[in-house]
Amino acid sequence: MGKSSKDKRDAYYRLAKEEGWRARSAYKLLQLDEQFNLFQDVTRVVDLCAAPGSWSQVLSRVLIKGEKFGRAGWEQKQADTRRYVLGLKDEEPITAELPEEKTQNPREDVRIVSIDLQPMSPLDGVTTLRADITHPSTIPLLLKALDPETYDSNATSARHPVDLVISDGAPDVTGLHDLDIYVQSQLLWAALNLALCVLKPGGKFVAKIFRGKDVDLLYAQLKILFARVRVAKPRSSRASSIEAFVVCEGFCPPAGFNPSLDQPLGAATEIPGTQLPKHKTQPAKKVREDGAVEIDLGSEEETDGSDMEDAGLRWIAPFLACGDLSAYDSDATYHLPKDRISLDPVQPPTAPPYRRALEQRKLAGGAYGKTKGQDRQDLD
Ligand SMILES: C[S@@+](CC[C@H](N)C(=O)[O-])C[C@H]1O[C@@H](n2cnc3c(N)ncnc32)[C@H](O)[C@@H]1O
């Protein structure tokens, strides 16, 4: 498939090149921000699994340069529309009854640390580390990058904790769904364990998940650590993909909980001394006369967690589709003018793991399989 065919079939791939983003993933973070206002009051951020760096680009442009994207961009668009409808000039304020228009400026003391297995081209104001997020040796690297002046090699958590940890980690998918979901979940747990060491109380954690069979167990575990857990599917994420994002807000670890990479949390770990705290909620349920349990997903009630297991219930996270409805549909094909020139990607991967396979495929006769009469061994 050529670049121009991909431009038609993937509007976000084309748009990313036109608007200068290193990857189409940028739109996923921007649409999540539109919905959840992720960057409000945020100055210290860790971006895990960051290469080629479009999420870090978003962070750099919004936090350091003060550009209006995501929620701020959406608010600006709303304000412009109101001005147009009301016939106001650019400098005239919108009337008091309408929501206040916000101006976004570069923020002070911004720190952004990005980590990936792959090397990443530098970005303004972003510290990039090449490391494996599943390896315990990564935490001292991260702590040092966050607080280079005050780093203490005995520390297990950040001196100046961060406001937001984001992770777009994805394995090289094999197509074997169970295996892909398992590897993805290991990346998610690694990201969460790193986040627990660096997040400040009230902080946010956003991570890619694959919605597999037991994903509700993960939601319930996250709900022990965060006041609010939601699952979101940005418009730029293809409907056919099982990918979604957990958006966890209000980091509130249970009293006495000490994050430790020596005993990291995992799917089967019990978080010490925890039951779902009183303020947590679950979908409201009612036991009918015939003994069956009815669950009302539209409303929530308080729980201490103990009855959930007895009734065989798990906490179900609210699911939200996000991104402006007028935004491109990632599953649609768009017609483009015939004379349109297809652009090159802004930042091709520096050292992709599939480079050798591509080189070998090229040697073996091209992108679409082996050429006639070619021996299968050529590809090995
Ligand atoms: C979908 S890409 C991330 C795209 C990125 N958010 C962006 O906007 O450009 C997934 C990344 O996860 C990284 N990754 C996978 N396993 C990792 C690990 N164990 N440690 C660090 N990075 C990892 C891959 O190298 C890859 O760059």
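Here are some short exercises on a predicted model, each followed by a worked solution.

## Exercise 1: Getting an overview

Find out how many helices and strands the chain has, and what share of its residues count as buried.

**Solution.** Start with the secondary structure: the chain has 10 helices and 10 strands. Next, turn to burial: 42% of the 380 residues count as buried. Finally, consider contacts with a separation of 6 or more: residues 24 or more positions apart account for 68% of them.

## Exercise 2: Two cysteines and a search for disulfides

Decide whether C49 is buried or exposed, do the same for C252, and state how many disulfides the structure holds.

**Solution.** Buried means under 20% relative accessible area. C49 has 16%, so C49 counts as buried. C252 has a relative accessible area of 27%, and therefore falls into the partly exposed class. As for disulfides, a search of the whole structure finds zero.

## Exercise 3: How covered is helix α4?

Work out how many residues of helix α4 are buried, and which ones they are.

**Solution.** Helix α4 runs over residues 54-64, and 10 of its 11 residues are buried, so the helix is mostly covered. Reading along α4, the buried residues are S54, W55, S56, Q57, V58, L59, S60, R61, V62 and L63. One of these, R61, also has a ring partner: R61 lies over the face of W21, at 4.6 Å from the ring centre. After α4 comes G66, with a positive phi near 70°.

## Exercise 4: Checking the length of helix α5

Compare the end-to-end distance of helix α5 with the span expected for its 17 residues, then find what its buried residues pack against.

**Solution.** Helix α5 covers residues 70-86, and at 1.5 Å a residue its 17 residues should span 24 Å. The expected span uses one less than the number of residues. The C-alpha atoms at the two ends of α5 are 24 Å apart, which agrees with the expected value. Now look at burial: G70, R71, A72, A79 and R83 are buried in α5. The buried residues of α5 pack against α3, residues 26-36. Just after α5, G87 takes a positive phi of about 70°.

## Exercise 5: Classifying ring pairs around Y12

Classify the ring pair of Y12 and Y27, then the pair of Y12 and Y328.

**Solution.** A pair of aromatic rings is described by the distance of the centres and the angle of the planes. The structure has seven aromatic pairs. For Y12 and Y27, the ring centres are 5.3 Å apart and the planes stand at 55°, so this pair is tilted. Y12 sits in helix α2 (residues 11-19) and Y27 in helix α3, 15 residues apart, so the pair links distant parts of the chain. Both Y12 and Y27 are buried.

For Y12 and Y328, the centres are 6.3 Å apart and the planes stand at 85°, which makes the pair edge-to-face. This pair also links distant parts of the chain: Y328 lies in the loop between β10 (319-322) and α10 (355-363), 316 residues from Y12. Y12 is buried, with a relative accessible area of 1%, whereas Y328 is partly exposed at 30%. To complete the picture, Y12, Y27, Y328 and Y334 form one aromatic cluster.

## Exercise 6: Looking at annotated positions

Name the residues covered by the UniProt annotation "binding site", then describe the surroundings of G53 and W55.

**Solution.** According to the unreviewed UniProt entry, the annotation "binding site" covers G53, W55, D116, D132 and D168. Take G53 to begin with: G53 is in the loop between β1 (44-48) and α4. At 0% relative accessibility, G53 counts as buried. Leaving out residues up to four places away in sequence, G53 touches R22, M120 and L123.

Then move to W55, which is found in helix α4. W55 counts as buried at 3% relative accessibility. With residues up to four places away in sequence left out, W55 touches S25, A26, L29, D47, I166, S167, D168 and F245.

## Exercise 7: Placing Q186

Determine which helix holds Q186 and how far its C-alpha atom is from that of A170.

**Solution.** Q186 lies in helix α7, residues 177-198. Its relative accessible area is 35%, so Q186 is partly exposed. Q186 and A170 are 16 residues apart along the chain, and their C-alpha atoms are separated by 9.9 Å.

Notes
Residues are numbered from 1 along each chain as its sequence is written. This is a predicted model: local features need pLDDT of at least 70, side-chain atom pairs count only at pLDDT 80 or more; totals for chains, interfaces and linings use all residues. Side-chain values use heavy atoms; hydrogens and water are left out. A disulfide is a pair of cysteine sulfur atoms within 2.5 Å. Buried means under 20% relative accessible area, exposed over 50%, partly exposed in between (1.4 Å probe, protein chains only). Helices (H or I, at least four residues) and strands (E, at least two) are DSSP runs, numbered from the N terminus. Contact means heavy atoms within 4.5 Å. Rings of Phe, Tyr and Trp (its six-membered ring) pair if their centres lie within 6.5 Å; planes under 30 degrees apart count as stacked, over 60 as edge-to-face and the rest as tilted. A charge sits over a ring if NZ of Lys or CZ of Arg is within 6 Å of the ring centre and within 35 degrees of the ring normal. UniProt positions are given in the numbering used here, feature names are shortened, and annotations may be inferred rather than shown by experiment.
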